[in-house]
Structures are given as structure tokens and as C-alpha cells.
Amino acid sequence: LKETPHDPDAVVEVGQFYQERKQFPRAAQVWEGGIRTLESGQADLRSVGPRQDRNQARQRYLGRFYRQLAFCYAQLGRGANARTAIAKATQAEAVLVRGKGRH
């Protein structure tokens, strides 16, 4: 992750690594960083394909990262934060269903 901080796949690997070891505070930090990178537009999605595909990939990653973050928050006893993260995941995924990620 230090070598490729803007690569969403690196975020997935590191976040899952910490979650599998029940290191939920560290995992949450990884997911939060991945979300910030995606939301700021700094994520490296060039390998995905055309711009419209990158927009869809961004929304898929956001949904996944928010769901993982919600899980970590739940494990840490942060129910309100978990509910907020799930709502944001649902919102990101709804964009894909409505097709707004295809502009």
C-alpha cells in the first residue's frame, strides 16, 4: 500500500489482511484512506478501461470499501458509524443500478 497508495486493489489486499487478523482499527484506517482516495479522484483507475468504466469501477470500489468499513465499525462497537457507512455503500451502489455511473 505504501508503494501504490492510489491503487484500490492494494487497499483491498491490506484491508482484508487486517480484518482477517481481527485488527479492526487498522483495517478501518485502510478502508477510510481508500475511500478518501476514491472520493478525491486520486485513485488510479486507469487500468480499468475507458472513462465510463472507471466511473463504474469507482462506484463499485466505494460500495465495497464502505461495506467493509461498516463491518469494522460494527466490530469496534461503533454502531452509528456502521449505519452511516452502510448508507453510503447503498448510495454508491444505487448509482450503478440507476446507470448514473455510465456518463
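Here is a walk through the structure, from its overall layout down to a few single residues.

This is a predicted model, so a pLDDT of at least 70 is asked of local features and 80 or more of side-chain atom pairs, while totals for chains, interfaces and linings use all residues. Residue numbers start from 1 along each chain as its sequence is written, and side-chain values use heavy atoms, with hydrogens and water left out.

Let's start with the overall picture. The protein has four helices and zero strands, where helices (H or I, at least four residues) and strands (E, at least two) are DSSP runs numbered from the N terminus. Read from the N terminus, the order is simply α-α-α-α. Of the 103 residues, 36% are buried; buried means under 20% relative accessible area, exposed means over 50%, and partly exposed is in between, using a 1.4 Å probe and protein chains only. Contacts here are heavy atoms within 4.5 Å. Among contacts with a separation of 6 or more, 58% link residues 24 or more positions apart.

Now for helix 1. Its 13 residues should span 18 Å at 1.5 Å a residue, and the end C-alpha atoms are indeed 18 Å apart; the expected span is 1.5 Å times one less than the number of residues. At the N-terminal end, D7 acts as a cap, with a side-chain oxygen 3.0 Å from the backbone nitrogen of D9. The buried residues of helix 1 are P8, A10, V11, V12, G15, Y18 and Q19.

Q19 deserves a closer look. It sits in helix 1, which covers residues 8-20, and counts as buried because its relative accessible area is 12%. Its side chain makes a polar contact with the side chain of Q68 at 2.9 Å. A polar contact is a pair of N or O atoms within 3.5 Å; within protein, one must be able to donate a hydrogen and the other to accept it, and residues adjacent in sequence count only if both atoms are side-chain atoms. Leaving aside residues up to four places away in sequence, Q19 touches F24, A27, W31, Q68, F71 and C72.

After helix 1 comes K22, in the loop between helix 1 and helix 2. What is the sign of phi at K22? K22 has a positive phi of about 60 degrees, although it is not a glycine. For background, most residues other than glycine have a negative phi. K22 counts as exposed because its relative accessibility is 64%. Along the chain, K22 and Q75 are 53 residues apart, yet their C-alpha atoms are separated by 8.9 Å.

Helix 2 takes over at residues 24-40: its 17 residues reach 24 Å from first C-alpha to last, close to the 24 Å expected at 1.5 Å a residue. Its buried residues are F24, A27, A28, V30, W31, G33, G34, I35, T37 and L38. Following helix 2 is G41, with a positive phi near 85 degrees.

How do helix 1 and helix 2 run relative to each other, parallel or antiparallel? Their axes come within 8 Å and cross at roughly 165 degrees, the axes being lines fitted to C-alpha atoms over the stretch in contact, with angles running from 0 to 180 degrees between N-to-C directions. The two helices are therefore roughly antiparallel, the word used for angles over 145 degrees. Helix 1 passes helix 2 in a left-handed crossing, meaning that the near helix is turned anticlockwise from the far one by less than a right angle. On the helix 1 side, P8, V11, V12, V14, G15, Q16, Y18 and Q19 meet F24, R26, A27, V30, W31, G34 and L38 in helix 2.

Two more residues take us into the later helices. Q59 lies in helix 3, residues 51-75, and counts as buried because its relative accessibility is 10%. The side chain of Q59 makes a polar contact with the side chain of R58 at 2.7 Å. Not counting residues up to four places away in sequence, Q59 touches A92, V95 and L96.

Finally, A80 belongs to helix 4, residues 79-98. With a relative accessible area of 48%, A80 is partly exposed. A80 and A70 are ten residues apart in sequence, and their C-alpha atoms are 9.4 Å apart in space.

Conventions
Angles under 35 degrees count as roughly parallel, over 145 as roughly antiparallel, 65 to 115 as roughly perpendicular and the rest as oblique.
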